[in-house]
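This briefing introduces one protein chain to a reader who is new to structural description. Please keep the sequence and the structure in view while reading.

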Amino acid sequence: AVSLGRKTRDQILGPILAKMRACFDVASAEAHKLDAAVSKSYNPMGSNESNSTVVRNNFSICGTCKKLTCLKKLNSNDQNSRGHQQNNRNGNDQSR
């Protein structure tokens with residue numbers, strides 16, 4: 001439609017961007033639902049010092065509290081997930 005001159009770029013993108021914004025707003029408002037679902041299968045990374053190592057301090061600013069965060073990685077001996085262990089019991093190792 002744009003290439004034929006029947007609609008402008010804004011006429012096409014306007015509704016698409018509005019819908020994307022609405023989806024983003026809902027996802028942001030309901031992020032706690034995703035957090036709750038993920039926490040049923042995964043332990044919080046860095047919840048204790050034995051399961052992770054700090055890769056970089058002052059990595060970014062938290063979007064909620066505006067404090068500096070650090071980047072962590074799991075120690076190689078920690079699977080950090082009840083879900084991973086459950087999948088292994090079912091023969092579905094998804095770590096490969």
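## Briefing on the chain

About 8,000 Å² of the chain is exposed, and carbon and sulfur atoms supply 54% of that area. The model is predicted, and the chain averages a pLDDT of 79. Of its 96 residues, 8% count as buried.

**Overall architecture**

- The secondary structure of the chain consists of three helices and two strands.
- Read from the N terminus, these elements follow the order α-α-β-β-α.
- Among contacts in the chain with a separation of 6 or more, 31% are between residues 24 or more positions apart.

**Confidence along the chain**

- A pLDDT of at least 70 is reached by 74% of the residues.
- Confidence is highest in helix α1 (residues 9–29), with a mean of 96, and lowest in helix α3 (residues 82–89), with a mean of 45.
- The pLDDT lies below 50 over residues 80–90, a stretch that has 22 contacts in the model beyond near neighbours in sequence.
- Residues 92–96 also have a pLDDT under 50, and the model gives them six contacts beyond four places in sequence.

**A nonpolar patch on the surface**

- Leu13, Ile16, Leu17 and Met20 form a nonpolar patch on the surface.
- Together, the four residues of this patch have about 360 Å² of accessible area.
- One of them, Ile16, is located in helix α1.
- The relative accessible area of Ile16 is 42%, so this residue is classed as partly exposed, given that the partly exposed class lies between the limits of 20% and 50%.

**Salt bridges**

- How many salt bridges are counted? The count comes to three.
- The side chains of Arg9 and Asp10 meet in a salt bridge, with a distance of 3.7 Å from N to O. Both Asp10 and Arg9 are exposed.
- A salt bridge also links Arg21 with Asp25, whose closest N and O atoms are 3.1 Å apart.
- Arg21 and Asp25 are four residues apart in helix α1, and therefore about one helical turn separates them.
- Asp25 counts as partly exposed because its relative accessibility is 36%.
- Lys33 forms a salt bridge with Glu30, and the closest N and O atoms of this pair are 3.3 Å apart.
- Glu30 is partly exposed, at 36% relative accessibility. Lys33 is likewise partly exposed, with a relative accessible area of 48%.

**A buried asparagine and its polar contact**

- Where is Asn75 placed? Asn75 lies in the loop between β2 (68–74) and α3.
- Is Asn75 buried or exposed? Asn75 is buried, because its relative accessible area is 19% and the buried class covers values under 20%.
- The side chain of Asn75 is joined to that of Thr53 by a polar contact of 2.5 Å.

**Points to locate in the structure**

- In helix α1, which has the highest confidence in the chain, the reader may find Ile16 as well as the pair Asp25 and Arg21.
- The loop between β2 and α3 holds Asn75, and from there the polar contact leads to Thr53.
- Residues 80–90, where the pLDDT is below 50, and residues 92–96, where the pLDDT stays under 50, complete the list.

Definitions and conventions. Residues numbered from 1 in each chain as written. Predicted model: local features only at pLDDT ≥ 70, side-chain atom pairs only at ≥ 80, totals over all residues. Heavy atoms only, no water. Buried < 20%, exposed > 50% of the residue type's maximum accessible area, 1.4 Å probe, protein only. Contact = heavy atoms within 4.5 Å. Areas by Shrake-Rupley, 256 points an atom, 1.4 Å probe, with all protein chains shown as cover. pLDDT = per-residue confidence, 0-100. Patch = residues over 30% accessible without salt bridge, like charges linked within 9 Å, V, L, I, M, F, W, Y side chains within 5 Å. Polar contact = N/O pair within 3.5 Å; in protein donor to acceptor, adjacent residues only side chain to side chain.
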